[in-house]
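This briefing looks at how a chain is divided into domains, how those domains meet, and how one helix is packed. Please keep the sequence and the model at hand while reading.

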Amino acid sequence: MQEKQFIANNYAKSLPSGQYTWSSPSNIALVKYWGKKAHQIPENPSISFTLNNCKTTTILTFSKKETKENYAFDVFLDGNKKDDFKPKIETFFKRIEAYMPFLKDYHFKIETSNTFPHSSGIASSASGMSALALCLMSVEQALYKLNHKTDFTLEFFNKKASFLARLGSGSACRSIEGDLIVWGSHSDIEGSSDLFGVKYPYQVHRNFKNYQDTILLVDKGEKQVSSTIGHNLMHNHPFAQERFKQAHTNLKDLITILKTGNLKAFIALVESEALTLHAMMMTSMPYFILMKPNTLEIINKIWAYRKATDSHISFTLDAGANVHVLYPEDEKDNVLEFIKNELVGHCQKGEYITDKIGFGAQLL
Ligand code: DP6
């Protein structure tokens, strides 16, 4: 493995204090990551659209402390102290310490807020962990500059940020850049790696530019299955090996689909991926059904509308009941009309989020 390239030396000169703010988006997988090995290595490659509106903004304030024994940090969500976020961040710090030797030198204040409701059932781990990884990279870059009188390249900065984000949450490594990101080694995708996300390197037809994603909030409760438990269900799963192979095939097929702009083939592949993800959960031991009756109502209405109108509307799902409605930009007016008239009634409190493809995180 090439992890060595990310190991930083101790810096002789240090900074007394500072602050960085990053805003980082969520992403929606087309070919899904489900199943992982040790050290956050995915069992199969995945690809996602980076989103534009669903974002986490994190302000990281750091100040030098006296002793170096332990990590010292406080976390705030929307201004409120969130001690229940601490174990996840502590695990993250432990995983990245070898690559960020300054972590125990500072006290960190982590202030975070999301553009989407925290309890919306939308994964905030991708945007949250990528925003934190980027803030820490900014600290490292400042230390590097102080000691070496030169900057990292942007390429290295993004690669290491993605590498670190992955150690916080796998899908977070696909949130640093946009608009299409591949994570996980695939023989047909040059530069793809299990260690970090890379920009999809091949031609993408204009049909997929500015693709729209309206997220229907069917169930805003806490996740029924945590991602850690979910991924573990793929160990000893009777269909796991076939599923991992299928993800490789689907990603290979997607290369041609993205190039030719074949929307029908795109729809079939993306919807099949979503249902396969849920099928894996339904056929694991223990088993779970994460869709709700309203998830199925929405899927059936999308299919009926597509049949009746020849629209290129489609859906995908995460590991939950919410539905991501995907459609090309030129169908926006009609599809939004349909969503408002027919689908919003199936959302909890009628809530939904309109989003589209985005281009990655920003330093504020
Ligand atoms: C269903 O990235 O949340 O959204 O690595 O354990 O943090 P951890 O898992 P996580 O899993 C996301 C799974 C998924 C599919 C995907 O985004 O590819």
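The domain assignment, which is automatic or taken from a database, divides the chain into domain 1 (3-184) and domain 2 (212-357). This is a predicted model, in which local features need pLDDT of at least 70 and side-chain atom pairs count only at pLDDT 80 or more, while totals for chains, interfaces and linings use all residues. Residues are numbered from 1 along each chain as its sequence is written, and side-chain values use heavy atoms, with hydrogens and water left out.

**The interface between the domains**

- The C-alpha centres of domain 1 and domain 2 lie 27 Å apart, and the contact (heavy atoms within 4.5 Å) takes 29 residues from domain 1 and 39 residues from domain 2.
- About 3100 Å² is buried between domain 1 and domain 2, 69% of it on carbon and sulfur atoms, where buried area is the accessible area (1.4 Å probe) that two parts lose on being put together, summed over both.
- In domain 1, the residues that lose the most area to domain 2 are Leu30, Lys32 and Trp34, which together make up 26% of what that side buries.

**Helix 1**

- Helix 1 (residues 86-96), a DSSP run of H or I with at least four residues, numbered from the N terminus, has Ile89, Phe92, Phe93 and Ile96 as its buried residues, buried meaning under 20% relative accessible area and exposed over 50% (1.4 Å probe, protein chains only).
- These residues lie on the same side of helix 1 because they cover an arc of only 100 degrees around the axis, taken from the directions from the helix axis to the C-beta atoms.
- The face turned away from the buried side of helix 1 carries the exposed residues Pro87 and Lys94.

Conventions: Helix = DSSP H or I, 4+ residues; strand = E, 2+ residues; numbered from the N terminus.
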